[in-house]
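Work through the exercises below with the sequence and the coordinates open, and try each task before reading its solution.

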Amino acid sequence: MKNWLPEQVNLNTEQWDQSLVSFYPEASQWMSDPLSYLEQLTVNCNYLEASKLIDWDKYLPEGANIMDIACGGGWLTAYLSRFKQVSSIISTDSSSNYLQNYLPKVVEAMDGEMDKISTVQALFTPIIADDDSIDLIVISSAVHHADSIQGVFSEFNRVLKPDGHLIILNETPDIDIKYVYNISKSFLKSLRNVLTKKYKTYVQKVSEGGFLYDPFLGDIDYPLWYWEKAIQEASFDLVELMDTKLPTVKGTKGRTLKHFVCQKIS
C-alpha cells in the first residue's frame, strides 16, 4: 500500500509562503531574503517592540526550556535566546524554508545564541513532547490561524510544567461590537453573492466564534471574549491581558497588538 500522507503534509505546509506572495505581491519585497524579512517584522512592524513590553525575567526560571510555536523566521527565538536564564529553545514552524534558510541568519543578525536552539518542522498540534516538560510556550501572531484555539491551548497545557506559562503575543482581537459589525458586513456580502450566483474560489466564512476574513492565508478573527473563554476552558488562568497600544505596522492606525499571559492551572 502506498502512503501519500507524508508528502501531502509537506506540500500543504509550504502553501502559506506561496499564498502570501501570490495574493500579496508586495510581500515578495521582504520574503526574498532573511534580512529583508527581519527588517519588515522588527523595524517596519511593532512585533519586537511590543514583545519587549513583557517582563520576561518574571516568567523565565533559571535553566528555562522554551518552545516557540510557529516561530516563522525566528526573530522571537533569537530575542529570547539572549536571556542568560534560558537553557534551550525548541522552535517549530510548518515552513522548512523559514527553519532552514531564515532562522539561522536571523539569529545571527540579532546576536542570538544558536547553540541553545533546536528546530522542528511541525504543525500547531499535536506536540510530540512529554507531559509537564516545558517551562514556557510562546507564540506570536499565529494562533488566529487555528480552527480551534481551545484545542491548541489544551495541547499547550499538556506539555507545560505545573504552573508553567503560555504567552500569546501580538494578536489583534476585536471588541464585541466591532466583531458583530464585521461579521454582519460579511454576511450581507455573502448573501448578495448567493442571490446573484457570483462564484468565488476563496470565500470568507462566519461562525459563532470565528470569522475567516482572509481565506487566502487562513486568518481567523476571534472576538476578545472568545479568546478569554478558550483560555479558561483549556485550564489556564489569564494572568494578564496587555494592550500594547502599538499597531501592527508602525505609523498606521487600527487595531493594536495585544498579549495574553496565561498560567497553567495545576
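**Exercise 1: a sheet and its crossing helix**

Phe 211 stands opposite Asp 221 in E8. Starting from this pair in the predicted model, work out how the strands are ordered and which helix lies across E6, E7 and E8.

Solution. Begin with the strand pair: strand E7, which covers residues 211-214, is joined to E8 by 3 bridges, and the two run antiparallel. Next, extend the view to the whole sheet, which is open, has 3 strands in the order E6-E7-E8, and is paired in antiparallel fashion. Its edge strands are E6 (205-206) and E8 (219-221), each of which pairs on one side only. Finally, the helix lying across E6, E7 and E8 is H9, which runs at about 70° to E7.

**Exercise 2: a residue of helix H9**

Decide whether Leu 188 counts as buried or exposed, and identify the surface patch that Leu 188 helps to make.

Solution. First locate Leu 188, which is found in helix H9, residues 176-195. Its relative accessibility is 55%, and because exposed means over 50%, Leu 188 counts as exposed. Then turn to the patch: Leu 188, together with Phe 187, Leu 191 and Leu 195, makes a nonpolar surface patch of about 440 Å².

**Exercise 3: a loop residue**

Place Asp 33 between its flanking helices, and classify its accessibility.

Solution. Asp 33 is found in the loop between helix H2 (15-23) and helix H3 (34-44). With a relative accessibility of 27%, Asp 33 counts as partly exposed, because that class lies between the 20% and 50% limits. As a last step, compare sequence with space: Asp 33 and Asn 101 are 68 residues apart along the chain, while their C-alpha atoms are separated by 8.8 Å.

Technical notes. Residues are numbered from 1 along each chain as its sequence is written. This is a predicted model: local features need pLDDT of at least 70, side-chain atom pairs count only at pLDDT 80 or more; totals for chains, interfaces and linings use all residues. Side-chain values use heavy atoms; hydrogens and water are left out. Patches are made of residues with over 30% relative accessible area and no salt bridge: like charges are joined within 9 Å, nonpolar side chains (Val, Leu, Ile, Met, Phe, Trp, Tyr) within 5 Å. Accessible areas come from the Shrake-Rupley method with a 1.4 Å probe; for residues, only the protein chains shown count as cover. A salt bridge is a side-chain nitrogen of Lys or Arg within 4 Å of a carboxyl oxygen of Asp or Glu. Helices (H or I, at least four residues) and strands (E, at least two) are DSSP runs, numbered from the N terminus. Buried means under 20% relative accessible area, exposed over 50%, partly exposed in between (1.4 Å probe, protein chains only). Two strands pair if DSSP finds at least two bridges between them. Contact means heavy atoms within 4.5 Å. Axes are lines fitted to C-alpha atoms, for helices over the stretch in contact, and angles run from 0 to 180 degrees between N-to-C directions.
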